[in-house]
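Here's a walk through a structure, taken from the overall layout down to a few individual side chains. Keep the viewer open and rotate along as you read.

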Amino acid sequence: MKALVPKEKLATRAGLAQFLRFGLVGVANTATSYLVIRLLAEPLGVPAASAIGYAAGVVQSFVLNRFWTFSNTRPRKDGRLGGEAVRFIAVNLACGGLFTLVNSLAEPHIGLLAATLAGVAMVTPLGFILNRFIVFR
């Protein structure tokens with residue numbers, strides 16, 4: 001039985017550059033998410049605001065990661081874009097659940113900004129690995 005080995009290892013310049021692009025996209029997504037959370041936290045509460053803010057970042061993330069980080073810009077005749085979108089949504093629902101849980105539990109103790117950053121620190125490495133090897137393979 002053949003072992004599943006990624007075509008491109010992460011411990012290369014290309015892998016590092018890809019992780020750095022993913023990180024920059026993450027910074028932009030974090031800013032977008034935080035802004036939405038900040039605007040909605042008081043009227044909706046932190047759990048709902050976190051979920052909505054995370055969703056706004058997810059939409060931005062798909063576009064930037066697909067066309068820049070993972071450079072999948074070739075035309076899709078096989079429906080792969082749809083498959084990528086479905087996998088991306090599944091990965092981000094899982095990461096979003098983790099993010100919302102961390103943010104909601106941490107916010108009363110460390111404040112909204114620190115809680116948001118703690119949530120991002122939890123989901124970033126997991127999100128990169130899942131996106132690199134499952135979503136945009």
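A quick word on naming before we start: helices here are DSSP runs of H or I with at least four residues, numbered from the N terminus. With that in hand, threonine 116 can be placed in helix H4, and we'll come back to that residue below. Keep in mind that this is a predicted model.

Let's begin with the whole chain. It has 4 helices and 0 strands, so the order along the sequence reads simply α-α-α-α. Of the 137 residues, 35% are buried. The accessible surface comes to about 8,100 Å², and carbon and sulfur atoms own 72% of that. If you take the contacts with a separation of 6 or more, 69% of them link residues 24 or more positions apart.

Now for the inside. The largest nonpolar core holds 18 residues, and Tyr54, Phe88 and Phe136 have the most contacts within it. H1, H2, H3 and H4 each give two or more residues to this core. The most generous is H2, with 5 residues.

H3 is a good helix to check against ideal geometry. Its 31 residues should span 45 Å at 1.5 Å a residue, and the end C-alpha atoms sit 42 Å apart, which agrees. The buried residues of H3 include Phe88, Val91, Phe99 and Asn103, and the cover over the buried set includes H1, H2 and H4. After H3 comes glycine 111, with a positive phi near 90 degrees.

What does the same sort of check say about the span of H4? A straight helix of 24 residues would cover 34 Å at 1.5 Å a residue, but H4 spans only 30 Å between its end C-alpha atoms. Look at valine 123 in H4: there is a kink of about 35 degrees there, shortly before proline 125. Among the buried residues of H4 are Leu112, Thr116, Val123, Gly127 and Asn131. The buried residues of this helix pack against H1 (13-44), H2 (46-69) and H3 (80-110).

Back to threonine 116, then. Is it buried or exposed? Its relative accessible area is 1%, so it counts as buried, the cut-off being under 20%. The threonine 116 side chain reaches the backbone oxygen of leucine 112 at 2.8 Å. Leaving out residues up to four places away in sequence, threonine 116 touches Tyr34, Ile37, Phe99 and Asn103.

Further along H4 (residues 112-135) you'll find asparagine 131. What does the side chain of asparagine 131 reach? The partner is the backbone oxygen of glycine 127, at 2.7 Å. Asparagine 131 has a relative accessible area of 3%, so it is buried. Once neighbours within four places in sequence are set aside, its contacts are Phe22, Phe70, Phe88, Val91 and Phe136. Phe88 and Phe136 may ring a bell, being among the residues with the most contacts inside the core.

Over in helix H2 sits another asparagine, asparagine 65. Its relative accessibility is 0%, so asparagine 65 counts as buried. The side chain of asparagine 65 makes a polar contact with the side chain of threonine 69, at 2.7 Å. Not counting residues up to four places away in sequence, asparagine 65 touches Phe22, Val25, Phe70, Ser71 and Phe136. For a distance to draw in your viewer, try the C-alpha atoms of asparagine 65 and arginine 132: they lie 67 residues apart along the chain and are separated by 9.8 Å.

One last stop, also in H2, is alanine 51. At 39% relative accessibility, alanine 51 is partly exposed, because the value falls between the 20% and 50% cut-offs. Its C-alpha atom is 8.4 Å from that of phenylalanine 99, with their positions 48 residues apart along the chain. Phe99 is listed with the buried residues of H3, and it is also one of the residues that threonine 116 touches.

Conventions: Residues numbered from 1 in each chain as written. Predicted model: local features only at pLDDT ≥ 70, side-chain atom pairs only at ≥ 80, totals over all residues. Heavy atoms only, no water. Buried < 20%, exposed > 50% of the residue type's maximum accessible area, 1.4 Å probe, protein only. Polar contact = N/O pair within 3.5 Å; in protein donor to acceptor, adjacent residues only side chain to side chain. Contact = heavy atoms within 4.5 Å. Expected span 1.5 Å × (residues − 1). Bend = angle between axes of the 7 residues up to and from the residue. Core = buried A, V, L, I, M, F, W, Y, C linked by side-chain atoms within 4.5 Å. Areas by Shrake-Rupley, 256 points an atom, 1.4 Å probe, with all protein chains shown as cover.
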